[in-house]
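Please walk through the fold below with the sequence alongside. The text takes the helices and sheets before turning to the ligand and one loop residue.

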Amino acid sequence: MNGKITFVGAGPGAPDLITIRGAEALKHADLVVYAGSLVNEKLLDYARNAELVNSAKLSLDEVLALLCNGYRAGKSVVRLHTGDPAMYGAVSEQYRELDRQCIPYDVVPGVSSAFAAAAALKTEYTMPGLSMSVIMTRDAGRTPVPEKEALSSLAAHDCTMCIFLSAGNMRALIDKLRAAGRPEDTPVAVVYRASWENEKIVRGTLADIAGRVEEAGIKRQAMIVVGKVLNREQGGLSCLYDRNFAHGYRGAGSESFRGQCAVFAMTREGIAKALEIASGLAEADVFVPEKYATLVPVHRRVIYPDGRSKQAIAQAWKSYRGFVMVMAAGIVVRHIAPLCGSKTSDPAVVVCDERGDYAVSLLSGHLGGANRLASEVARITGGKAVVTTASDVRGMTAFDELASRFHYRVSNPGAILKVSSHLLENGRVEVRMPRVLYECFYADDARIVFAGESRDISVSIPETETVLRMEAPHCFVGIGCRKGTRSASLKAAVAEVLERSGILMDCVDGFASADLKKKEKGLLEFARETGKELRFFSEKELNAQKVEHPSEYAMKHLGIHSVSEAASLLAAGEGASLVTGKTVCGPVTVAVARQTKKTTP
Ligand code: SAH
């Protein structure tokens, strides 16, 4: 029987920087042929049962003979290369010969020294404003480099460079960088044997690095990193964490779907897509049939018996706010038909094809949020959201959609249909609502007339009795902050959390914090500016309140297990629930709680 050949990237040196797959290959190897001085021999300890051959002194033919003979003798052969085999690994001539002889092989990647050096330097090669590209190259030595890739021209790109195999002649190398126009103060770092016990880092600039490297006695086995990114402080901010940057995996403000989702898939490919979607949603579990259970990470896995998807959906129906079904729409329709109740109680259901090309909002588009869930799924997969509710098609945000986004409660759902059909026939309605909402959503729609500002929303059809009423939530914002936090920081933090939670400032009744913040100037000033109530609770009261995210830090330093969550819940009164749990914004923590519906006298 034939054996098996695996090329394995050994990583930069530290024995625990090999991949798990690479280490497994070593464990099962009968023969390991390893490449010279930059493969840490400690790695060979993984290969307990193997014959070990150092290839440093062997010719290509001799290496190939070892691999091929091993394969034909039925052995598991590992060819171990330093870093990642794809960088200066001289593997292509080995691949070529094996292909020619029709001998199969696998390749396991490794951590390249270029990245081990970045870790040692604690740098990021790509930083906005400094460099968005990396050139990995080498100086010409015994091995020639194509003319167009000469250092003296490549370096003219102002970007980050990782230069392999070139520490032997630093002075000549630096001259080439100068010739390319890099200024004297360009930062350069040289990392000798990154991740090894005897790792050494030398930092400097074009002007002085050569001397420093000589002084340190480094001549080989080093990575040369060139570029402004080595001056970390000069970098700009990445847009990735900017709250105005709608990243595929982050919803922006009240437009995102809120609540726990169940993602169902029944095929291998469908499950891969389901996992991609689940990890992009705020909270999601993935439901899988038993036979595919191992494909899903344990922390979000719900397993059901093979062939019982219908029952699994039925069981989950009441416990999840959203369902994303990666399967044919027909199956979904048949499975959920008996479960459908009403507009106000059904969860959102979105159907998505296995390729993620389309996310179809199937049930509870507005109130349940399926339209938003569909957009979110489409953003994650890079597909298209398919929304068929009429008011969305005409570019208007339906009133029940508005209610769902901003936590309003529709008092008389029966009026929704009357109002929307009236609008669809180009009838006019008069609305009362917070001015910001009107201006944001309806100001340029001639059918919708602003009849006055109010916290609750009413939409009436003139000359009829029909009035759609939607009640505003009543919220309290809990605030914790470091000593000396300024009112401007508090204002920004609260505004950000409210926006993200879909709570209007109009719906905030007041703020709450701990007694020990009673003299906190910034907090007092902030509350005064808003004109809203500010309440304080004692340590005892706060500690008696059950919360979602108790903080060990606060317990240790203040003797209180939670400030923002507990204070918001206490202020909002009995039966209150969190809209948004503790959110940290720099020196401020913010939580939002809403009251249960008050019975109006
Ligand atoms: N395939 C390897 C590179 C092999 S070429 C990789 O991906 O890292 C050998 C060159 O790589 C050395 O001359 C040196 O420039 C660099 N190198 C390899 N291991 C290194 C380490 N631990 N620290 C710094 N440079 C290293």
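Helix 6 (residues 170-179) lies across strand 7 (160-164), strand 8 and strand 10, in contact with them (contact means heavy atoms within 4.5 Å). Helix 6 runs at about 20° to strand 10; such angles run from 0 to 180 degrees between N-to-C directions, with axes fitted as lines to C-alpha atoms, for helices over the stretch in contact. Helices (H or I, at least four residues) and strands (E, at least two) are DSSP runs, numbered from the N terminus. This is a predicted model, in which local features need pLDDT of at least 70 and side-chain atom pairs count only at pLDDT 80 or more, while totals for chains, interfaces and linings use all residues. Residues are numbered from 1 along each chain as its sequence is written, and side-chain values use heavy atoms, with hydrogens and water left out.

The strands under helix 6 belong to an open sheet of 5 strands in the order 6-7-10-8-9, with mixed pairing. Two strands count as paired if DSSP finds at least two bridges between them. At the edges are strand 6 (134-138) and strand 9 (200-205), each of which pairs on one side only. From one strand to the next, the twist averages 20°. Within this sheet, strand 8 (residues 187-192) and strand 10 (residues 222-226) run antiparallel and are joined by 5 bridges. One residue to look up is Val191, whose bridge partner in strand 10 is Met223.

A second arrangement of helix and sheet involves helix 2 (residues 60-72), which lies across strand 1, strand 2 (31-34), strand 3 and strand 4 and runs at about 150° to strand 4. The sheet here is open, with 5 strands in the order 3-2-4-1-5 and parallel pairing. Strand 3 (51-54) and strand 5 (106-108) stand at its edges with a single partner strand each, so one side of each has no neighbour in the sheet. Neighbouring strands are turned by 20° against each other on average, direction ignored. Strand 1 (residues 4-9) and strand 4 (residues 76-81) run parallel, joined by 6 bridges; Thr6 has Val78 as its bridge partner in strand 4.

Which residues come nearest to the ligand? Of the 18 residues around it, these are Asp84, Met87, Ser113, Ala194 and Ala222 (a residue is near if one of its heavy atoms lies within 4 Å). By class, the shell holds 11 nonpolar, 5 polar and 2 charged residues. A nitrogen atom of the ligand is 2.8 Å from a polar backbone atom of Asp84. One ligand oxygen atom is 2.6 Å from an N or O atom in the side chain of Ser113, and a ligand oxygen atom is 2.9 Å from a polar backbone atom of Leu165.

Finally, Ala207 lies in the loop between strand 9 and helix 7 (209-216). Ala207 touches Arg178 and Glu184, not counting residues up to four places away in sequence.

Terms used. Polar contact = N/O pair within 3.5 Å; in protein donor to acceptor, adjacent residues only side chain to side chain. Nonpolar A, V, L, I, M, F, W, Y, C, P; charged D, E, K, R; others polar.
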